There are 2 protein chains.
Amino acid sequence: METKKTTIKDIARLTGLSKGTVDRVLHNREGVSKKSYAKVMEVIKDLGYEPNVYASLLAQKKERVIVVLLPKYEPGEFWELTEEGIIEGADSSSNLGVKVAKVDYDQYDIESFRTACSKALALEPSGVVLAPMFRNETLVFVDKLNTLGIPFVYIDTKLETNSYLAYFGMPTYQSGYLCASILADEQQVDEVAMIRIQRDKFGKSDPTINRREGFIDYIAEHSPDCSLHNLFIDPNKPKEIDATLEKFFAEHPGIRYIAMFNSRIYLITSFLAKHPEKNYRVVGFDNLAANIKALKSGLVTCLIAQRPEDQARRAISALTDYLVFGHEPSSRDNFMPMDILTRYNAEYY
Amino acid sequence: METKKTTIKDIARLTGLSKGTVDRVLHNREGVSKKSYAKVMEVIKDLGYEPNVYASLLAQKKERVIVVLLPKYEPGEFWELTEEGIIEGADSSSNLGVKVAKVDYDQYDIESFRTACSKALALEPSGVVLAPMFRNETLVFVDKLNTLGIPFVYIDTKLETNSYLAYFGMPTYQSGYLCASILADEQQVDEVAMIRIQRDKFGKSDPTINRREGFIDYIAEHSPDCSLHNLFIDPNKPKEIDATLEKFFAEHPGIRYIAMFNSRIYLITSFLAKHPEKNYRVVGFDNLAANIKALKSGLVTCLIAQRPEDQARRAISALTDYLVFGHEPSSRDNFMPMDILTRYNAEYY
DNA sequence: GCAGTTTCCGTGCACGGTAACGGAAAATTT
DNA sequence: AAATTTTCCGTTACCGTGCACGGAAACTGC
């Protein structure tokens, strides 16, 4: 039942042409008459010819580079998880003759992003993967990629440009909604604290904004009388955090529910550990090692994780597929599952 | 920085031998002197030579077959999810020259399993993936595979043989434990119903047994005074189920918590729909379409899913890796994450 | 009708690895 | 020491595709 794969040689034989000409047709190279072109195309369609990618790769020896633009990170931070996926993806792409190069930038310094973009272009990439932090600068960069005909894939967040090859990320609004539903355990809640991080945001695209919206909407729908409190902490001054929290929760003794929309729920664990009697119900985001630790120790009730490794791995794999095989991704916008992690299932992620 | 990949030709040149001889060494074929063998091995180690798999594949044109032994299923049943992963895996293995053939059997008919095993062997597989249902028969089959030198991978459940290449499945005990923790929402519970399916089990390996153990242990640890009720229903007589449930819950009006350890929580949704006033808290397993529907409609509180597609896909991929590249799997026992699905995140799985 | 262009296409080597073939050298027999 | 066998290894054709080279045919201009 398994018919032998048809090859270029078969097509050459059936058309009475040589494999050189067939090759020219396959690659739309010039120097072939309309008649021959049509004949070859017909036979190709008839036999359902598909080139042997590995033979092709072998013959070409073309070097391709995918450049990945990511924020710099300290060990244990969110972007480290993404990097893991990058490495995995790079690994499996390498035997398809695709190298992966990372260029990083400071996500709080717009100038470093500009520099990173230049560096990326200097590498003459065949494709780019990027996590867009600065809206306007990204638009400029993406424009350049377009004119150069370089395909690119968004991860984490995307901009509403219409040229990207694919996007891999989390449904941010829904993740906030989910967060609230878990925090409330689908019951009525009366007072909720949203702990936030104050930062200058010059046009940054930020998933936490959508998350908060989803969160607030759920609460509004299910517990219309609930009062939502905002509390800001500064991760750069870790020593002040506990005091800030102590003060706030002393003023609001009725609050039992705490949510945080960025990946740094671990910042409040030292406070939580001091108040076991309050039995806070706490939901945060992302499976950082520090968060998992807090989860297992029972200080955090639940984490919502978004598989940043998968995002990165699949982004690279989709881009590689496109570059090597010419396959368009089966869907352009790909939303990763929102994993609910508790102390009892965390270690299997 | 990126040194050119070393090839057989390089090794031949450096050892002063021909690539034919190098090839003999690489494949442990006979007809090469100890001296030459040692010389080649040394250079290989020095240069960190890795063969170009695609060139090798191209030259060999060897046909390999992976046989997958799975229970038959009706549309919408658990094993359909596994099959999806099989198809995916088969797809990506096919461009490495590995075909995948499925052989199915009736999981309630031991004789059909024997037949399936014979069929599988008749296909002269290079590797086998199997979900073992019948303990003794599987041991016999696995023994045969061993003597034939055919590697195999367990999915779903495994037997404690010491010869399997890898295992992909769920941590069943922990999944029961997790199930209880979610059902109780880490609170005290007083009465819980475990709905079960009665079946002849002649030595079948069955994940639901471990799940129940994990479940019972959690309850015993956290709610020692809780009474656990067993209730049996028969999926072959769907019309009787509702009556059975009505009777049971009428006799036990205090029960609010319901768990089920197989994939068929959907069987009780018609009952649940009739008693919204009881506000049952219900936890089941596996993301069957019917279960997801029940989840989204709010009849089921939560599902614990085990990614059967991933199990299958990764099993095939690991086996392919081993057959083609000679890579041993990085870990032998691979436990999939236990995904917690609620109505708010289900659609992203 | 001839030289010069263009257009079109066949030939042949390369990519990295496999494996059959056959021959030289070494080991064994007579 | 010649004949035979065995051990070892180089040569070669091939897998399917890409691409450079060069030649034949067709077309141009005179």
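In this predicted model, S18(B) places a polar side-chain atom 2.6 Å from a phosphate oxygen of DNA strand D. Two residues of chain A also reach the phosphates of this strand through side-chain N or O atoms: D23(A) at 2.6 Å and H27(A) at 2.8 Å. The three distances are set out below.

| Residue | Partner on DNA strand D | Distance |
|---|---|---|
| S18(B) | phosphate oxygen | 2.6 Å |
| D23(A) | phosphate oxygen | 2.6 Å |
| H27(A) | phosphate oxygen | 2.8 Å |

**Surroundings of DNA strand D**

There are 25 residues around DNA strand D, and those that come nearest are I8(A), D23(A), Y49(A), S18(B) and S36(B). On the DNA side, 66% of the strand D atoms that come within 4 Å of the protein belong to sugar and phosphate. Sorted by class, the protein surface near the strand consists of 11 polar, 9 nonpolar and 5 charged residues.

Helices from both chains build this surface. Chain A contributes at least two residues from each of α1 (8–15), α2 (19–26) and α4 (53–60), and chain B does so from each of α2 (19–26) and α4 (53–60). The largest share is that of α4(A), with 4 residues. Of the residues in the table, D23(A) falls within the range given for α2 of chain A.

**Interface of chain B and chain A**

The two protein chains also touch each other, with 30 residues of chain A and 32 residues of chain B taking part in the contact. About 2,800 Å² is buried between them, and carbon and sulfur atoms give 60% of that area. On the chain B side, three tyrosines stand out: Y54(B), Y344(B) and Y348(B) supply 28% of the area that chain B buries against chain A, more than any other three residues.

Polar and charged pairs cross the interface as well. There are 4 salt bridges between chain B and chain A. One of the salt bridges that join the chains links R307(B) to D339(A), with the closest N and O atoms 3.8 Å apart. In addition, 8 residue pairs across the interface are in polar contact, counting pairs with both residues at pLDDT 80 or more.

The side of chain B that touches chain A draws at least two residues from each of α4, α8 (172–184), α9 (207–222) and β12 (339–341). Among these elements α8(B) gives the most, with 4 residues. By class, this side of chain B has 17 nonpolar, 8 charged and 7 polar residues.

The helix α4 of chain B thus appears in both settings: it supplies residues to the surface near DNA strand D and to the side of chain B that touches chain A.

Methods: Residues are numbered from 1 along each chain as its sequence is written. Chains are lettered from A and ligands numbered from 1 in the order in which they are written. This is a predicted model: local features need pLDDT of at least 70, side-chain atom pairs count only at pLDDT 80 or more; totals for chains, interfaces and linings use all residues. Side-chain values use heavy atoms; hydrogens and water are left out. A residue is near a molecule or strand if one of its heavy atoms lies within 4 Å of it. A polar contact is a pair of N or O atoms within 3.5 Å; within protein, one must be able to donate a hydrogen and the other to accept it, and residues adjacent in sequence count only if both atoms are side-chain atoms. Ala, Val, Leu, Ile, Met, Phe, Trp, Tyr, Cys and Pro count as nonpolar, Asp, Glu, Lys and Arg as charged, and the others, Gly among them, as polar. Contact means heavy atoms within 4.5 Å. Buried area is the accessible area (1.4 Å probe) that two parts lose on being put together, summed over both. A salt bridge is a side-chain nitrogen of Lys or Arg within 4 Å of a carboxyl oxygen of Asp or Glu.
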